[in-house]
Amino acid sequence: MILPTFRLSRGYASEMLTGARDGRPGEVTGDMDNSSNVSLLERVYKWEKERGDSLVFTQPMGGGEVKTYSWAQALDEARRMAAYLRSLALEPGSQIAIISKNCVEFMLSDLAIWMAGHCSV
């Protein structure tokens, strides 16, 4: 059985990680460059602000169905997950494991853990 996978749409993965566009290292956007000390979470907030309605994730659901997420939708989901994690009153910086197949929820869980002030392992 082949499990569905997700993909970051239109090269956003490299933009999220490096600030570079079109996967070309060294070409940066805005005030976030490769030499700055900017976290991935800060970059995600930047893309949400600048491209809230742009497609970021595409998740095959099976049976030919595909679910898409804009930056705004993805971050809304991650924030709701983070709120739940905060409600658990875990010690700040707790290590939280993610056991998941390759899917959008894995990425959103990772973001939610960081948003809640914890560390994903």
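In this predicted model, the axes of helix H2 (residues 40–51) and helix H4 (residues 104–115) approach within 10 Å and cross at roughly 110°. That angle makes H2 roughly perpendicular to H4. On the H2 side, Leu-40, Leu-41, Val-44 and Tyr-45 take part, and they meet Leu-111, Trp-114 and Met-115 of H4. Sorted by type, the residues of this contact are 7 nonpolar, with no polar and no charged ones.

Now let us turn to the charged side chains. Side chains of opposite charge can pair when their charged atoms come close. The count here comes to 4 salt bridges, and the table shows three of them, including their closest N and O atoms.

| Salt bridge | Closest N–O distance | Helix |
|---|---|---|
| Glu-50 with Lys-46 | 3.0 Å | H2 |
| Asp-76 with Arg-80 | 3.2 Å | H3 |
| Arg-80 with Glu-77 | 2.7 Å | H3 |

Helix H2 holds the pair Glu-50 and Lys-46; these residues lie 4 apart, so about one helical turn separates them. How exposed or buried are the two partners, Glu-50 and Lys-46? Glu-50 counts as partly exposed because its relative accessibility is 47%, whereas Lys-46, at 10%, counts as buried.

Helix H3 (residues 71–87) contains Asp-76 and Arg-80, which are 4 residues apart and thus separated by about one helical turn. Arg-80 and Glu-77 are 3 residues apart in H3, again about one helical turn. Shared partners join the salt bridges of Asp-76, Glu-77 and Arg-80 into one network. Within this network, Asp-76 is partly exposed with a relative accessible area of 39%, and Glu-77 is partly exposed at 28%.

Technical notes: Residues numbered from 1 in each chain as written. Predicted model: local features only at pLDDT ≥ 70, side-chain atom pairs only at ≥ 80, totals over all residues. Heavy atoms only, no water. Axes fitted to C-alpha atoms, helices over the stretch in contact; angles between N-to-C directions. Helix = DSSP H or I, 4+ residues; strand = E, 2+ residues; numbered from the N terminus. Parallel < 35°, antiparallel > 145°, perpendicular 65-115°, else oblique. Contact = heavy atoms within 4.5 Å. Nonpolar A, V, L, I, M, F, W, Y, C, P; charged D, E, K, R; others polar. Salt bridge = Lys/Arg side-chain N within 4 Å of Asp/Glu carboxyl O. Buried < 20%, exposed > 50% of the residue type's maximum accessible area, 1.4 Å probe, protein only.
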